[in-house]
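Notebook open, structure loaded. I want to go through the strands, the pocket and the cysteines, in that order.

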Amino acid sequence: MIYKNRRAPVEIEGLITLKRRLARDHPVQKDITKRLYNMKAGYSGERQYDRYISEFKPSYPHAILHDVCLKQDDIYFQMDSLLVTPSKIIISEVKNLAEKIIVKTKPLQFIKERQNGERVPFRSPVTELDRKIHLLRLWLKCRRIDIPIEGIVVFAYNNELQFEEKPPVDLIFTYEIAAHLRNVAMEREILNRQTIHKLANEMVSAHRPFNPFPLAERYSLQPGDIIPGVFCPSCNQLTMRWMQRRWKCLNCDQIGKKEHQQAVREWCFIQKNTITNREFRSFTLLNSRHTAKLLLAGIPQLQKIGKSKGSFYKIY
Ligand SMILES: [Zn+2]
């Protein structure tokens with residue numbers, strides 16, 4: 001049974017909005033494009049994995065959790081997918097890379113080969129898995145659970161893999177996951193149905209998603225780098241202006257009442273999780289303090305804190 005599903009990382013939406021609020025030739029555009037590409041590829045590999053693991057329906061009690069981020073001794077560790085069975089826990093590390101991947105043994109090394117033939121090593125997913133297994137073991141120990149934990153590296157099926165020798169870990173493709181798990185032998189029962197259920201629920205409530213915001217901080221952006229304006233959903237430009245009690249696009253005449261809500265969401269991705277009346281006006285190119293107050297008061301995700309001049313809104 002699936003206890004936790006995967007959702008599209010909100011960072012993807014954040015990066016898309018940041019990209020269109022920066023000049024095309026801004027120096028960080030390249031980094032953002034690369035990060036966005038990697039995040040989308042990673043997510044699509046994980047979705048592939050989710051589709052194939054849905055074919056895995058064992059007769060024994062079990063729990064499947066996708067994208068779980070736990071904290072142990074102030075260290076966060078994120079697991080792409082977890083399977084809890086009566087005799088062991090299996091962590092999957094899902095990879096989706098554009099390049100051809102070469103796996104060398106003695107010592108174990110993962111190498112990406114670019115189209116021009118250039119070879120660069122990348123951080124071993126096996127080392128990443130070992131770290132996660134170690135931290136999960138400690139996390140479980142705090143809950144008085146002692147159970148073997150295994151890891152598997154799963155590559156998206158569009159990846160090209162080349163092994164020099166059989167690697168000392170399980171490396172499989174997403175389409176092999178159900179068959180692979182069916183072959184995992186169930187040994188001594190350590191967790192019964194009830195304990196598995198309880199543990200899975202505890203993991204779901206302990207899950208703390210990674211917060212990538214604000215993006216201005218990560219990319220060291222100055223307020224002047226960010227292009228203000230309200231985004232037009234019809235022509236995809238920052239060309240909406242408030243006139244005659246509504247938003248109107250200067251480019252395509254699209255009309256709307258709620259487009260400033262999306263602007264506040266974007267502000268939160270880029271700048272911070274609070275906004276003042278003045279900041280809102282300069283971000284949405286609005287002149288009237290009074291109109292800004294009315295618009296801000298109508299956004300359900302905002303809570304006004306303080307009174308008169310020193311007041312601001314907290315964004316939830
Ligand atoms: Zn428009």
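**Entry 1, pairing.** Before I look up any partner, a reminder to myself: two strands count as paired if DSSP finds at least two bridges between them. Also for the record, I am working on a predicted model.

Which residue of β8 is the bridge partner of V94? I looked, and the partner is V154. That pair sits in a longer register, since I find 7 bridges joining β4 to β8 (residues 149–155). β4 and β8 run parallel.

**Entry 2, the sheet around them.** I followed the pairing outwards from there. The sheet is open and has 6 strands, in the order β1-β2-β3-β4-β8-β10, with mixed pairing. At the edges I get β1 (2–4) and β10 (170–173). Each of these has a single partner strand, so one side of each has no neighbour in the sheet. I also looked up the twist: neighbouring strands here are turned by 35° against each other on average, ignoring direction.

**Entry 3, whole protein.** Stepping back, I count 9 helices and 16 strands in the protein. The C-alpha trace spans about 70 × 50 × 35 Å along its principal axes. Of the 316 residues, 47% count as buried.

**Entry 4, the largest pocket.** I put its volume at about 1800 Å³. The lining takes in 41 residues, and R35, M39, E46, Q78 and D80 are the closest to the pocket centre. Which element gives the most to this lining? That is α2, with 9 residues. α2 covers 29–53. Other elements that supply at least two lining residues each include α1 (10–20) and α3 (125–141). On the strand side I noted β2 (63–72), β3 (75–84) and β4 (89–95). So β4 turns up twice in my notes, in the pocket lining and in the sheet.

By residue type, the lining divides into 18 charged, 16 nonpolar and 7 polar.

**Entry 5, cysteines.** How many disulfides does the structure hold? The count is 0. I checked C268 to see why it stays unpaired: its sulfur is 19 Å from the closest cysteine sulfur, in C69, which is too far for a bond. My cut-off for a disulfide is 2.5 Å between the sulfur atoms.

Is C268 buried or exposed? C268 is buried, at a relative accessible area of 18%, and the line for buried is under 20%. C252, on the other hand, is partly exposed, at 31%.

Methods. Residues are numbered from 1 along each chain as its sequence is written. This is a predicted model: local features need pLDDT of at least 70, side-chain atom pairs count only at pLDDT 80 or more; totals for chains, interfaces and linings use all residues. Side-chain values use heavy atoms; hydrogens and water are left out. On a 1 Å grid over the protein atoms alone, a cavity is a set of points where a 1.4 Å probe fits but cannot get out, and a pocket is an open set with protein on both sides within 12 Å along at least five of seven lines; lining residues have an atom within 4 Å of a point. Grid points are joined across faces, edges and corners, and a volume is the space filled by probe spheres set on the points. Helices (H or I, at least four residues) and strands (E, at least two) are DSSP runs, numbered from the N terminus. Ala, Val, Leu, Ile, Met, Phe, Trp, Tyr, Cys and Pro count as nonpolar, Asp, Glu, Lys and Arg as charged, and the others, Gly among them, as polar. Buried means under 20% relative accessible area, exposed over 50%, partly exposed in between (1.4 Å probe, protein chains only). Axes are lines fitted to C-alpha atoms, for helices over the stretch in contact, and angles run from 0 to 180 degrees between N-to-C directions.
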